[in-house]
Amino acid sequence: MASRAGTMQGRIGTDDPVQASCEVLARRREGAYWLLSIACPSIAERAKPGQFVNIAVGGFGTLLRRPFSIARVSKQGVAAGTVDVVFDAHGPGTDWLTTVSVHDVVDVVGPLGTPFPLPQRKVACLLVGGGYGVAPLLYLAEELTRKGLRVDMIVGAASQERILSQIEAKRLTASVTFTTDDGSYGVHGRVTDVLEEVVENCHSGVVYACGPNPMLRAVSERCKEMKLPVQVAVEEHMACGIGVCFTCVMPMRQKDGTVRMKRSCIDGPVFNGARIAWEATRFDVGPPLLVEPEEAEAPPEVRPSEADLWGES
Ligand SMILES: Cc1cc2nc3c(=O)[nH]c(=O)nc-3n(C[C@H](O)[C@H](O)[C@H](O)COP(=O)(O)OP(=O)(O)OC[C@H]3O[C@@H](n4cnc5c(N)ncnc54)[C@H](O)[C@@H]3O)c2cc1C
Ligand code: FES
């Protein structure tokens, strides 16, 4: 396996990202999506669920690296040191990735961003994924199960063909509820249509979500109403991926109620969904970028408390 890793300038910690030239081990269809498996021991050994890699892509108009969630890593066995990503081909960068061949070398930086925090107490976890957003949640499901926690899942997609890793989702969880926008599989509707019922049936104490931002907003708002802690991995447009350019900011409500811009690439992509000021994000109309303290709304109380759940001080 070829992987030439260099530590990024100024970074020396064992958890810090590395830049590596990585051999492609596999590139194949995964339903409506593509799976790319690369040999990357230095990234695999550092990676945690929720983090992403930034891949340099070839072709015309592809100066910027493209970010992809880490879908799976192998730390042991014959496949040790591999990192998988799952992607939807819909533009120049992702189209180019469908053309790489086994034994080609790709330039990868990772692992980047914050991982999903793991509960510090026994609690049933509900994972809500939309489209290829299911991929990092399956990696998270493995970690939560390893900690002895119950994991349930809601998997949503536009149609049956766009449901990712149906069998894997069933294998890794106590229950999976499928929803499709067109009703071709599972419940006809959105993940939020079944959220409350699944939370009640599975006694879920915390929700993790990954998928398109409008879905994350809807899930966060429902969780806020149910006073349920919710962690979401957002997908903001990114240029540098390492905290320099501020392309990727998300408006986050602080403890005093004010809103501050946080960079999704280094402060996220995993955020407390109830703290995102969704009304001020770029996919809403007329964003007020800073909210004055007197207009500010304090973040909601949840049960169990965030401090208790995540072990925060
Ligand atoms: C943290 C993170 C994790 C992601 N994980 C995945 C994943 O697991 N699988 C997957 O298929 N896609 C994922 N994406 C989206 C993926 O990065 C874009 O689909 C990809 O960059 C599109 O590049 P393109 O050249 O094919 O398309 P284009 O749309 O032409 O991209 C042009 C530019 O826009 C940016 N861009 C376009 N769409 C997005 C988007 N949705 N989010 C962020 N930037 C975008 C690109 O980086 C590029 O700079 C993730 C994005 C982020 C931020
Ligand atoms: S992508 Fe440049 S700061 Fe986040």
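**Exercise 1.** Is Phe-246 buried or exposed, and how many other C-beta atoms lie within 10 Å?

*Solution.* The model examined here is a predicted one. Begin by finding the residue: Phe-246 sits in the loop between strand E14 and strand E15, the latter covering residues 249-253. Next, take the count for Phe-246, which is 11 other C-beta atoms within 10 Å. A residue is called exposed if this count is 12 or fewer, and therefore Phe-246 is exposed. As a last step, look at the backbone, where Phe-246 shows a positive phi of about 60° although it is not a glycine. Most residues other than glycine have a negative phi.

**Exercise 2.** Find where Lys-227 lies, then describe its phi and its exposure.

*Solution.* Start with the location, which is the loop between helix H6 (213-225) and strand E14 (230-233). Then turn to the backbone angle: the phi of Lys-227 is near 55°, which is positive in a residue other than glycine. Finally, consider the surroundings, where 11 other C-beta atoms lie within 10 Å of Lys-227, so that this residue is exposed.

**Exercise 3.** Locate the peptide bonds described as cis before Pro-111 and Pro-269, and place each proline in the structure.

*Solution.* Take Pro-111 to begin with: the bond that leads to it from Gly-110 is cis, with omega near -10°, and Pro-111 is part of strand E8, which spans residues 105-112. Continue with Pro-269, which is joined to Gly-268 by a cis peptide bond with omega of about 15°. Pro-269 belongs to the loop between strand E16 (259-263) and strand E17 (270-272). For background, most peptide bonds are trans.

**Exercise 4.** Describe how strand E2 pairs with E8 and with E3.

*Solution.* Consider E8 to start: strand E2 (residues 18-30) pairs with E8 in the antiparallel sense over six bridges, and Ser-21 stands opposite Asp-107 in E8. Then consider strand E3 (residues 33-39), which runs antiparallel to E2 and is joined to it by seven bridges, with Glu-23 opposite Ala-39 in E3. To finish, look at the connection, where E2 and E3 form a hairpin with two residues between them, and Gly-31 in the turn has a positive phi of about 65°.

**Exercise 5.** Which residues come nearest to ligand 1, and which element gives the most to the shell around it?

*Solution.* Of the 22 residues around ligand 1, those that come nearest are Arg-66, Phe-87, Gly-91, Gly-93 and Thr-94. The elements giving two or more residues to this shell are strand E5 (66-69), strand E7 (82-87) and helix H2 (92-97), and E5 gives the most, with four residues. Sorted by class, the shell holds twelve nonpolar, six polar and four charged residues.

How values were computed:
Residues are numbered from 1 along each chain as its sequence is written. Chains are lettered from A and ligands numbered from 1 in the order in which they are written. This is a predicted model: local features need pLDDT of at least 70, side-chain atom pairs count only at pLDDT 80 or more; totals for chains, interfaces and linings use all residues. A residue is near a molecule or strand if its C-beta atom, placed from the backbone, lies within 6 Å of it. Ala, Val, Leu, Ile, Met, Phe, Trp, Tyr, Cys and Pro count as nonpolar, Asp, Glu, Lys and Arg as charged, and the others, Gly among them, as polar. A residue is buried if 20 or more other C-beta atoms lie within 10 Å of its own, exposed if 12 or fewer, and partly exposed in between; C-beta atoms are placed from the backbone. Two strands pair if DSSP finds at least two bridges between them.
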